[in-house]
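Subject: Structure handover and findings

Hello,

Here is the structure for you to look at. My notes on it follow below.

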Amino acid sequence: MRRFIWMIMLLPMMAQAQTLEECQRAAEQNYPLIRQYDLIEKTTNLTVANIQKGWLPQVSASAQATYQSDVIAFPDEFKQLYQQMGLDMKGLTKDQYRVAIDVNQKNEVNLYNVRKRVNEMYFSLLMLDEEIVLNRDLQELLAGNERKLQAMVKGGTAAESDWQSVKAERLNVVQQATSLESQKRMLTVMLSTFCGIEVKNVQKPVAKAEDSRLTADNHRPELRVLDAQIGLLQAQEKALNAAIMPKLGVFAQGYYGYPGLNMFEDMMSHDWSLNGIIGARLTWNIGDLYTRKNDKVKLRLQRELTESNREVFLFNNSLEQIQQNEDIIRYQRLMANDEEIIALRSAVRKASESKLSHGIIDVNDLVREINQENAARVQHSIHEIEMLKQIYDNKFTTNN
């Protein structure tokens with residue numbers, strides 16, 4: 001809640017975006033999961049880089065100081081013998097030190113759906129804008145008839161109840177406008193917060209129905225994830241062969257300290273010395289042979305399941321495309337008649353206004369014709385916005 005309030009306070013200072021594409025890009029940059037994905041991507045790259053360098057010699061440095069309760073020493077008889085030979089065999093001290101360097105060689109899909117959320121809010125705002133414009137037109141139309149009836153009442157050619165009926169209808173439309181404006185403000189704040197920018201006015205996208213035809217060219221990120229999973233399982237199957245192969249490695253160790261590798265010399269002298277070991281190591285772990293058969297079956301089944309999930313996704317995606325294209329065609333056919341229906345309703349309404357002036361019909365008939373004309377205009381706007389939404393939903397379905 002604090003973050004939401006903070007975003008609302010920041011809105012006036014943020015940039016303005018009006019097109020659908022701008023809102024989509026802004027939402028992708030602002031969405032918390034996308035921020036988290038950026039961090040994951042960076043850490044993943046570092047991890048992959050470390051794995052790629054795993055075959056290189058691994059170098060580590062260390063320092064050590066110890067004090068022992070006892071150390072290796074010559075028997076007293078040996079000490080006496082060395083003394084007779086003129087050698088002072090002091091033996092190892094209990095405090096010991098080592099600085100060393102060891103070298104060993106080792107041979108060992110959430111974002112995209114943001115667009116869907118943006119599309120839903122964006123086209124809802126477009127629809128609200130259309131309804132608000134039509135509501136204002138209806139208010140003006142009713143206000144004009146209200147003024148005419150008021151004059152007719154004064155002239156004695158209309159009853160006051162007729163004027164009151166039209167005025168009441170206009171006030172109902174004013175209330176609808178209040179509700180529409182409130183919905184628009186709320187949805188605008190939601191979209192602005194979601195995108196992290198101030199969205200003041202949304203622009204109607206320019207798109208053709210022909211742009212949304214059936215296509216097998218699918219770039220959905222889910223497919224890339226499934227393809228990556230299949231590739232990983234295939235690599236793991238190949239890795240089973242490598243697991244049973246012998247591994248050859250070299251190692252080296254060097255340190256400067258006391259005691260060194262020549263303990264007899266260090267027993268005579270407590271000086272620090274350079275020491276080193278180098279060698280090769282051959283290892284062969286045959287334990288993987290015991291589970292190799294079951295591991296191959298397990299990986300094969302996982303790969304087949306992932307491939308099946310990929311086919312199911314493509315099948316459902318294709319069905320979704322078919323439904324969207326059918327809806328686009330349906331809205332095109334509806335819109336083909338909308339203009340004619342609006343023209344006819346407008347003519348009937350104008351005729352009703354004339355009939356009311358001559359006392360042929362009552363005011364209720366006029367209000368009905370006004371509302372029917374407005375309903376026809378609203379239907380036309382709905383069909384147009386819905387068709388545009390289906391076009392962009394189709395773009396989302398295929399990521400084209």
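A residue counts as exposed when its relative accessible area is over 50%, and as buried when that value is under 20%. V206 has 80% relative accessibility, so V206 counts as exposed. V206 sits in the loop between α6 and α7 (221–243). Its C-alpha atom is 8.2 Å from that of L388, although these positions lie 182 residues apart in the count along the chain.

Please keep in mind that this is a predicted model.

**Overall layout**

The protein has ten helices and four strands. Along the sequence the order is α-α-α-β-α-β-α-α-α-β-α-β-α-α. Of the 400 residues, 32% are buried.

**Helix packing**

Two packed helices are described by the angle between their axes and the distance between the axes. Three pairs are covered here.

Start with α2 and α5. Helix α2 spans residues 20–30, and helix α5 spans residues 112–155. Their axes come within 9 Å and cross at roughly 135°. Angles over 145 degrees would count as roughly antiparallel, and this one does not reach that class. The two helices are therefore oblique to each other. The crossing of α2 and α5 is right-handed. On the α2 side the contact uses L20, C23, Q24, A27 and E28. On the α5 side it uses V114, R115, V118, N119, Y122 and F123. By class, the contact of α2 with α5 has seven nonpolar, two polar and two charged residues.

Next, α5 and α6. Their axes are 8 Å apart, at an angle of about 160°. That makes α5 roughly antiparallel to α6. The crossing of α5 and α6 is left-handed. Their contact has 22 nonpolar, eight polar and twelve charged residues.

Last, α6 and α10. These pack at about 20°, with axes 9 Å apart. α6 and α10 are therefore roughly parallel to each other. The crossing is right-handed. From α6, the residues D162, S165, V166 and E169 meet V363, N364, V367 and N371 of α10. The contact of α6 with α10 divides into three nonpolar, three polar and two charged residues.

**Nonpolar cores**

In soluble globular proteins, nonpolar side chains tend to be buried together. Which residues have the most contacts inside the largest nonpolar core? They are C23, V118, Y122, F123, L191 and C195, in a core of 31 residues. The elements giving two or more residues to this core are α2, α5, α6 (160–195), α9 (288–357) and α10 (363–398). α5 gives the most, with ten residues.

F123 is a good place to zoom in. Setting aside its neighbours within four places in sequence, F123 is in contact with L20, P205, I385, L388, K389 and Y392. A second, separate core has 14 residues, including V166, V173, L366 and I370.

**Buried polar and charged positions in α9**

Two residues of α9 deserve a look. N317 is found in helix α9. With 3% relative accessibility, N317 counts as buried. Residues up to four places away in sequence aside, N317 touches N218, R220, T397 and T398.

R349 is also placed in helix α9. Is R349 buried or exposed? R349 counts as buried, at 10% relative accessibility. Beyond residues up to four places away in sequence, R349 touches L141, L366, E369, I370 and E373. Of these contacts, L366 and I370 are named in the second core.

**Around β3**

Y255 lies in strand β3 (residues 247–258). At 7% relative accessibility, Y255 counts as buried. The C-alpha atoms of Y255 and S273 are 8.3 Å apart, and the two residues are 18 apart along the chain.

Most peptide bonds are trans. The bond joining Y258 and P259 is cis, with omega about -5°. P259 is in the loop between β3 and α8 (263–268).

Best regards

Technical notes. Residues are numbered from 1 along each chain as its sequence is written. This is a predicted model: local features need pLDDT of at least 70, side-chain atom pairs count only at pLDDT 80 or more; totals for chains, interfaces and linings use all residues. Side-chain values use heavy atoms; hydrogens and water are left out. Axes are lines fitted to C-alpha atoms, for helices over the stretch in contact, and angles run from 0 to 180 degrees between N-to-C directions. Angles under 35 degrees count as roughly parallel, over 145 as roughly antiparallel, 65 to 115 as roughly perpendicular and the rest as oblique. A crossing is left-handed if the near helix is turned anticlockwise from the far one by less than a right angle, and right-handed if clockwise. Contact means heavy atoms within 4.5 Å. Ala, Val, Leu, Ile, Met, Phe, Trp, Tyr, Cys and Pro count as nonpolar, Asp, Glu, Lys and Arg as charged, and the others, Gly among them, as polar. A nonpolar core is a set of buried Ala, Val, Leu, Ile, Met, Phe, Trp, Tyr and Cys residues joined through side-chain atoms within 4.5 Å. Buried means under 20% relative accessible area, exposed over 50%, partly exposed in between (1.4 Å probe, protein chains only).
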